[in-house]
Amino acid sequence: IGMSKPTIVCFGEMLWDMLPSGKQAGGAPMNVAVQLKNLGLNPLMISRVGEDELGEELLAFLQERGLSPDLVQRGKTHLTGIVKANITDQNEVVYKIVHPVAWDYIQPEQGLLEIASTSDVFVFGSLAARSVDTRQTLLHLLEKAPFKVFDVNLRSPFYDQAGIEELLYKADMVKMNEHELALIASWSGLSNVLEEAIEGIAARFDIATICVTLGAEGAILWKDN
């Protein structure tokens, strides 16, 4: 990385998780941006919120954590994203990711292509690609970004095989969990043995670096064979 901090761009959903205990700011790309900031880096967040109170509060949340809200678009038409958590019994939490919301309509605004093309790392997931508008914007930016990190983050029912595979082909590095690895490997008829599945996916989609998170067991990293 050298002396200067890399330019890291995080693209996608920012939202409120509506929990029984209260609301919590979330969305995988925003969580990544917050943690990168905690590590002393200066990530940029591209997203979209509504012109509503929840949107204002998310922008304030970013600023409180030292992140710029400049690339977060504001929209009148759709509300800020929320995820409703319903605790059906003692053990199970069911999440309803409300659709459509503001981050489903991220527009290819002036300047975003240049920001993507001059970035060192461009981080994106699959949830924000559930809608036509944001997906098109994402695909435009992926054409320009030199190094693309796909944080898979599958959320049923908002993905399909063709859509995920298109994004895998565009990624230089992929991060996923064990369940996502098993599913993606099964689509290609690959082994479900961890290392073999990783190598098979890397070969099929031409990915140089794969990180698989293993919950309490930590994570495994596969890089350059």
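User: How much space lies in the second largest pocket?
Analyst: Heads-up: this is a predicted model, where local features need pLDDT of at least 70, side-chain atom pairs count only at pLDDT 80 or more, and totals for chains, interfaces and linings use all residues. Residues are numbered from 1 along each chain as its sequence is written, while side-chain values use heavy atoms and leave out hydrogens and water. A pocket is an open set of points on a 1 Å grid over the protein atoms alone where a 1.4 Å probe fits, with protein on both sides within 12 Å along at least five of seven lines, and its volume is the space filled by probe spheres set on points joined across faces, edges and corners. For the second largest pocket, that space is about 270 Å³.

User: Which residues sit closest to the centre of the second largest pocket?
Analyst: Lining residues are those with an atom within 4 Å of a point. There are 14 of them around this pocket, and the closest to its centre are I8, L36, V121, V123 and V149.

User: Which elements give two or more residues to the lining of the second largest pocket?
Analyst: Elements are DSSP runs numbered from the N terminus: helices (H or I, at least four residues) and strands (E, at least two). One helix and three strands meet that bar here: α1, β8 (121-125), β9 (148-151) and β10 (173-177).

User: How many nonpolar residues are in that lining?
Analyst: Ala, Val, Leu, Ile, Met, Phe, Trp, Tyr, Cys and Pro count as nonpolar, Asp, Glu, Lys and Arg as charged, and the others, Gly among them, as polar. The lining of the second largest pocket has no polar and two charged residues, and the nonpolar count is 12.

User: Which residues lie nearest the centre of the largest pocket?
Analyst: About 380 Å³ of space lies in the largest pocket. Its lining has 18 residues, and nearest the centre are G27, A28, L127, N153 and R155.

User: Where is N153, with its positive phi?
Analyst: Most residues other than glycine have a negative phi. N153 goes the other way, with phi near 55 degrees. You'll find N153 in the loop between β9 and α5.

User: Which proline follows S156 through a cis peptide bond?
Analyst: Most peptide bonds are trans. The bond after S156 is cis, with omega near 5 degrees. Its partner is in the loop between β9 and α5, and that residue is P157.

User: What is omega for the cis bond between H99 and P100?
Analyst: P100 belongs to the loop between β7 and α3 (112-117). The bond joining H99 to P100 has an omega of about -5 degrees.

User: Why are α6 and α7 called oblique?
Analyst: Axes are lines fitted to C-alpha atoms, for helices over the stretch in contact, and angles run from 0 to 180 degrees between N-to-C directions. Helix α6 (residues 178-187) packs on helix α7 (residues 194-205) with axes 10 Å apart and an angle of about 60 degrees. Angles under 35 degrees count as roughly parallel, over 145 as roughly antiparallel, 65 to 115 as roughly perpendicular and the rest as oblique, so this pair is oblique.

User: Which residues of α7 meet α6?
Analyst: Contact means heavy atoms within 4.5 Å. From α6, L181, I184 and A185 take part, and they meet L194, A197, I198, I201 and F205.

User: How far apart are the axes of α4 and α5?
Analyst: Helix α4 (residues 132-144) and α5 pack at about 20 degrees, with axes separated by 11 Å.  That angle makes α4 roughly parallel to α5. R135, L138, L139 and L142 of α4 touch G163, E166, L167 and K170 of α5. So for the spacing you asked about, the value is 11 Å.
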